[in-house]
Amino acid sequence: MKLLLVSRPGKAKDAFVKILESYSGVEIICVAHPDDAEDILYEQSISGILFNVATLVREKDYNKRRIVELSELYPVVRLRHNVQDNTINVLHYGQSVEREDSLQQFILEECASFKARPLRQRERVRVYLHVILYKSRDFEQEIGEKACTINLSGLGSYIVTCGDYSRDQPVWMKLFDHPDVPPISCRVVWTRHWGGDSGLPGIGMVFLNLEPVQTERIEQIIKSSFSYRQK
C-alpha cells in the first residue's frame, strides 16, 4: 500500500516517516511541495494522502482549490507534529478536532479499503446533471433526494445538496436523465454543510466498483462536456 506524504524536510517529516513505516506493507512516497502531489498521483496508485499542516501554512503559493478536490477523490488527512512530546495529531478534512489515535484508523481502515489507482489523466468537467441520491440499496422503497451535480470526473462527482450526509457514508446516485443506467455506488469523502463554509453546500463522492455501462456513460458525458472542462 502506497501513501503520499506532503511535507518539507525537517524533524516533523522524519517523525511522520518513522511512524508510517512502522506499519506493515506501507510504502511512503514523499514530496516537499503541495503542487508536486498531482504528478505522483498521475503515475502511482496511491491509497491515501497525508499533508503536513506546517507545510501547508508555510508554503503560500500553491493551488489550495486542487487540494480540496483531491480530498474528494482520495482518503486525505492533515498531520501536526508536537515537538515537545513527539506525538502526531491527525485532522480530517471537514473536522475541527485533532486526535492522536486516528492515524492508525486512517491507514488500516480508510486507506486499506480504498481502491488505489492512478489519477486518470482526464479533465474534471463542469456539468450539471439531475440526480437522485439514495442512502440504501432499497431503491423501490426509498423516495430518494433530488440533487444536481456541479462537476464530474471518471473518479467521482461533487453534488449540490442540503441533505444530511457524513464522511464515508455509502450513497447510490441515479442519473435521472439516463434511466437505463443503474444507480451508481458511491462513498462520501467530503461534505460542506449549508450555513457553514462559503460556497455551495454539498458532498464530494467517489465512485465505487463501476459497472461497464456506468463507466461508458460517464465517459460519454465527460466527452460531450469537454468544452466546459475545469483547469
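This is a short walk through one predicted model, from its sheet to its cavities.

Let's start with the sheet. Five strands make it up, and the sheet is open. The order across it is β2-β1-β3-β4-β5. The pairing is mixed. Which strands sit at the edges? They are β2, residues 27–31, and β5, residues 87–92. Each of these pairs on one side only. Now the twist. On average, neighbouring strands of this sheet are turned by 30 degrees against each other, with direction ignored.

Take the β2 side. Strand β1 covers residues 2–6. It is joined to β2 by 5 bridges, and the two run parallel. If you want a residue pair to look for, find Leu4, which stands opposite Ile29 in β2.

Now go across to the other edge. How do β4 and β5 run? They run antiparallel, with 6 bridges joining them. Here the pair to look for is Val77, opposite His92 in β5. The two strands form a hairpin, with 4 residues between them. Look at Asn86 in that turn: its phi is positive, about 55 degrees.

Stay with β5. It is an edge strand, pairing on one side only. So is it buried or exposed? Count the residues: 6 of the 6 in β5 are buried, so the strand is largely enclosed by the rest of the structure. A general point helps here. In a regular strand, side chains alternate between the two faces of the sheet. Check both faces of β5, then. On one side we have Thr87, Asn89 and Leu91, and on the other Ile88, Val90 and His92. They are all buried, and both faces are covered.

One residue of β5 deserves a closer look. That is Thr87. Its relative accessible area is 19%. The cut-off for buried is under 20%, so Thr87 counts as buried. What does the Thr87 side chain touch? It makes a polar contact with the side chain of Asn82, at 2.8 Å. Another polar contact goes to the side chain of Asp85, at 2.9 Å.

Next, Tyr74. Find it in the loop between α4, residues 64–73, and β4, residues 76–82. Tyr74 is buried, with a relative accessible area of 3%. Where is it relative to β5? Take Val90 as a marker. Tyr74 and Val90 are 16 residues apart along the chain, and their C-alpha atoms are separated by 16 Å.

Tyr74 takes us to the empty space. Rolling a probe the size of a water molecule over the atoms shows where such space is left. How many cavities of 30 Å³ or more does the structure hold? There are 2.

The largest has about 80 Å³ of space. It is lined by 11 residues. Tyr74, Pro75, Val76, Arg167 and Val189 lie nearest its centre. By class, that lining has 5 nonpolar, 2 polar and 4 charged residues.

The second largest has about 30 Å³. Its lining is Leu73, Tyr74, Phe114, Arg117, Leu155 and Val206. By class, 5 of these are nonpolar, none is polar and 1 is charged. Notice Tyr74 again: it is in this lining, and it is among the residues nearest the centre of the largest cavity.

To recap: an open sheet of 5 strands, an edge strand β5 with 6 of its 6 residues buried, and 2 cavities of 30 Å³ or more. Thank you.

Conventions:
Residues numbered from 1 in each chain as written. Predicted model: local features only at pLDDT ≥ 70, side-chain atom pairs only at ≥ 80, totals over all residues. Heavy atoms only, no water. Pairing = 2+ DSSP bridges. Axes fitted to C-alpha atoms, helices over the stretch in contact; angles between N-to-C directions. 1 Å grid on protein atoms, 1.4 Å probe; cavity = no way out; pocket = protein on both sides within 12 Å on 5 of 7 lines; lining within 4 Å. Points joined across faces, edges and corners; volume = space filled by probe spheres on them. Nonpolar A, V, L, I, M, F, W, Y, C, P; charged D, E, K, R; others polar. Buried < 20%, exposed > 50% of the residue type's maximum accessible area, 1.4 Å probe, protein only. Polar contact = N/O pair within 3.5 Å; in protein donor to acceptor, adjacent residues only side chain to side chain.
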